[in-house]
Structure formats: structure tokens, C-alpha cells
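Work through these exercises with the structure open beside you. Try each task before reading its solution.

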Amino acid sequence: MTETPLIKIEKLQVEFPLGRTLFGKPLKLRAVNNVSLEIMSGQFFGLVGESGSGKTTLGRAILRAAPLSSGKINFDDGDVRYDVGSISKSDLKNYRKLAQLIFQDPYAALSPRMTVRDIIAEPLEVMGLTKTREETDKLVREIAAKCRLNLEHLRRFPHAFSGGQRQRISIARTLVCSPDFVVADESVAALDVSIQADILNLLKSLQKELGLTYLFISHDLSVVAHICDHVAVMYLGTLVESAPTSDLFTNPRHPYTRALLSAIPSLNPDDRGHAQKLEGEIPSPANPPSGCTFHTRCPMAKDICRTEIPQWRKLNDKHSVSCHFSEDLPKT
Ligand code: SF4
């Protein structure tokens, strides 16, 4: 990992129109609200939070698959630099080659009518990255081998494979265009636990071999602890904490992060029963609470939390948080 940001996000907002009120006022759902972060080149960056926290929308916005309402996303791999929000059509084609997505569900992501060879070759053909069938086949064979698929697998159809093998096919299709940056959105959530470890190890070894940078989106903190260098926590469209993985897990400074961490199942019987239960559901992003959006569920909430939005501030060089009282939290 380097200290050079590959992706730099500043004050990003992503909103979706929801129609109008009775009085004609436009209604909007703010899925991502004022998010700033940096993903370093070669980093395994984890993004966690409950369903509806905006993680997937943030990942899609970086890939330019969700509209940016305001703010900036810069991509800079040393050779090319893109302002993703105002990228031209011709640059977008090149950007799509450099920034790719691994789909969540390996069963739904692969066409049952195409052979594995054709599935992996499809991005090369759609983007016109190869000139001859021989050239395409060579790249398909190379990435299939890296993803631990046999050459004989390339002639078969997806239904002949297990969930883990399908995810390896899906990963090979993502990586065949040699991207720099990959969004892995809940990429192991649909797999059995025994297969998850195999796919996580594959992602990690491919990172080293191909020099990849990942945004790893997950609701599973034990998986994130195992694989990520740095973790950011989202709640209701905003970032609430961001820190190197070991720092976040040993010294969480936001009540929401603490609640998520305390809910991780433990094998130690003495640790059981200490889960800090979060009361209530995550509020609607169409009508978020005032002040700190977590105040409706926060066990530490005080009057100021209901009216004043906490600032995003640095606790040290790499650990940032948005809570009025993070210094007052008891030691873990
Ligand atoms: Fe809880 Fe207040 Fe901190 Fe928000 S600002 S997390 S409500 S203590």
C-alpha cells in the first residue's frame, strides 16, 4: 500500500428525486450526504454499515453508476487523472476499464446461456480492448488461471459450478480488463462460510499479484477485520468514523461503531451477552433526524445532539470521527 490516494472524495452528495409534496415542494432521498474520504493506492478499504446506510450508493457513485448531486470524486493512478463527476463520454469508456465492480450474487450475475469463456471475454469485446479472438482467448486463459479456474472450465456453462466457483468466474470477468480499482459489494455475503474464506484469500492474493486497490463493502465486521487495511463506517448516508482496521477495532470512538462491534459473535463464553442492542430501525433517508442523525438510537445522546450536526474531525493522522462526545466515551 502507498500513501498516495487513488480515489479522493470531497463533500459528495448523491440524491434521488422522490416526487413532490402536496404543496409542490420537491422531495429528495439523500443516499450519500457530505462524504469525504481517500482510498490509497494498493489499499484494501472496508466500508461497513447497516442496510440503507448508503454504502452501495457510494460505491456506485465512485464507478459513475449513480449520479453525483454535488461534491467531487477524483481518480488518479499516476498515469491518468479523472474528475469522475464531469468525466467526458470518451474518458468514461477508459475509466470503466480502470474501475470495475464484482457483483454480490454469483448466481444472478452470470448468464446461464453463455459459456464461461464467453462470460469472461464479454467486457473485452464490449469495450473493444482486443483485436482478434486469439488475443481475447489469451487474456481469458491468463486471468482464469490466476482465479484458479481450469482451462477445461472455460467450455462449460455456469450451472455446472458451485457458488464459490461461480464467484471466481465473476472475479475473472471483473479483472480481465486489468483494472486498478475494484468495488467488491458484499462479494462473499451469498456464499457459505467455508467458501467465503477461499474467496477472501483469492481477493487478497490477486491484490498483491495485480497491484489492485479495493473498496470492500460489507455488513459483516468479522470479514472486514480479517481482510481490510482501513475501515470507514456509514450511517444514514454519512461517514461516522474512519480508521486503520486495528485502531477501529481496539479503540472505536463513535457509539454506532461500538454498537456494531459489540454485535460481532464471539467464541469466548465470557464475552457473550455484552452486545449493545441498537434500539429501533435506521430512520428513512428521505426524512433524516435533525442534528446528529444517530441521536434517535444513540445511548449517549444529549440535547445538543438533536440540534447540531457533529463536525467530521481528525482524532489523529488516520482516525476521524463525527460525534460531539467521542472523547467522553469510556475506554473499551
Ligand atoms: Fe450520539 Fe450525540 Fe455522538 Fe451523535 S453526536 S453519536 S447522538 S453522542
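**Exercise 1. The ligand shell**

Which residues surround the ligand? The model is predicted, so treat each answer as a reading of a prediction.

Solution.
- Step 1: List the shell. The ligand is surrounded by His254, Pro255, Cys292, Phe294, His295, Cys298, Met300, Ala301, Cys305, Cys323, His324 and Phe325.
- Step 2: Sort the shell by class. Nine residues are nonpolar and three are polar. No charged residue takes part.
- Step 3: Place the ligand among the cavities. The space it takes is the largest cavity.

**Exercise 2. The open sheet**

Give the strand order of the open sheet of eight strands, then find its edge strands.

Solution.
- Step 1: Read across the sheet. The order is 6-7-8-3-9-10-12-11, and the pairing is mixed.
- Step 2: Take the two ends. Strand 6 (99-102) and strand 11 (313-314) are the edge strands, as each pairs on one side only.
- Step 3: Check the strand 11 end. Strand 11 runs antiparallel to strand 12 (residues 320-321), with two bridges joining them. Lys314 has Ser320 in strand 12 as its bridge partner.

**Exercise 3. Strand 9 and its neighbours**

Are the two faces of strand 9 covered or open? Then describe how the strand pairs on either side.

Solution.
- Step 1: Count the buried residues. Strand 9 spans residues 230-235, and six of its six residues are buried.
- Step 2: Split them by face. In a regular strand, side chains alternate between the two faces of the sheet. Here one side carries His230, Ala232 and Met234, and the other carries Val231, Val233 and Tyr235. All of these are buried, so both faces are covered.
- Step 3: Look at strand 3 (residues 44-48). Strand 3 pairs with strand 9 in the parallel sense over four bridges. Gly46 stands opposite Val231.
- Step 4: Look at strand 10 (residues 238-244). Strand 10 pairs with strand 9 in the antiparallel sense over six bridges. His230 stands opposite Pro244.
- Step 5: Follow the chain from strand 9 to strand 10. The two strands form a hairpin with two residues between them.

**Exercise 4. Positive phi values**

Which residue in the turn between strand 9 and strand 10 has a positive phi? Look for further positive values in loops and after helices.

Solution.
- Step 1: Recall the background. Most residues other than glycine have a negative phi.
- Step 2: Answer for the turn. Leu236 has a positive phi of about 50°, although it is not a glycine. Leu236 counts as buried because its relative accessible area is 5%, and the cut-off is under 20%.
- Step 3: Move to the loop between helix 5 (163-175) and strand 7 (181-185). Ser178 is found there. Its phi is positive, near 55°, and Ser178 is a residue other than glycine.
- Step 4: Check the helix ends. Arg64, just after helix 1, takes a positive phi of about 65°. Gly128, just after helix 3, takes a positive phi of about 60°.

**Exercise 5. Strands 1, 4 and 5**

How many bridges join strand 1 to strand 4, and how many join strand 4 to strand 5?

Solution.
- Step 1: Start with strand 1 (residues 5-20) and strand 4 (residues 70-76). They pair in the antiparallel sense over five bridges. Glu10 has Lys72 in strand 4 as its bridge partner.
- Step 2: Go on to strand 5 (residues 81-83). Strand 4 and strand 5 are antiparallel, with three bridges. Asp76 is matched with Arg81 in strand 5 as its bridge partner.
- Step 3: Inspect the link. Strand 4 and strand 5 form a hairpin with four residues between them. Gly78 in this turn has a positive phi of about 95°.

**Exercise 6. Buried helix residues**

Which residues of helix 1 and helix 3 are buried? Is Gln196 buried or exposed?

Solution.
- Step 1: Take helix 1 (residues 55-62). Six of its eight residues are buried: Lys55, Thr57, Leu58, Gly59, Ala61 and Ile62.
- Step 2: Take helix 3 (residues 116-126). Val116, Arg117, Ile119, Ile120, Ala121, Pro123 and Leu124 are buried. Their cover includes helix 4 (133-146) and helix 5.
- Step 3: Find Gln196 in helix 6 (residues 193-210). Gln196 counts as buried because its relative accessibility is 13%.
- Step 4: Name the contacts. Beyond its neighbours within four places in sequence, Gln196 is in contact with Val188, Ala189, Leu191 and Val223.

Terms used. Residues numbered from 1 in each chain as written. Predicted model: local features only at pLDDT ≥ 70, side-chain atom pairs only at ≥ 80, totals over all residues. Heavy atoms only, no water. Buried < 20%, exposed > 50% of the residue type's maximum accessible area, 1.4 Å probe, protein only. Pairing = 2+ DSSP bridges. Near = heavy atom within 4 Å. 1 Å grid on protein atoms, 1.4 Å probe; cavity = no way out; pocket = protein on both sides within 12 Å on 5 of 7 lines; lining within 4 Å. Sits in = over half its atoms within 2 Å of the grid points. Nonpolar A, V, L, I, M, F, W, Y, C, P; charged D, E, K, R; others polar. Contact = heavy atoms within 4.5 Å.
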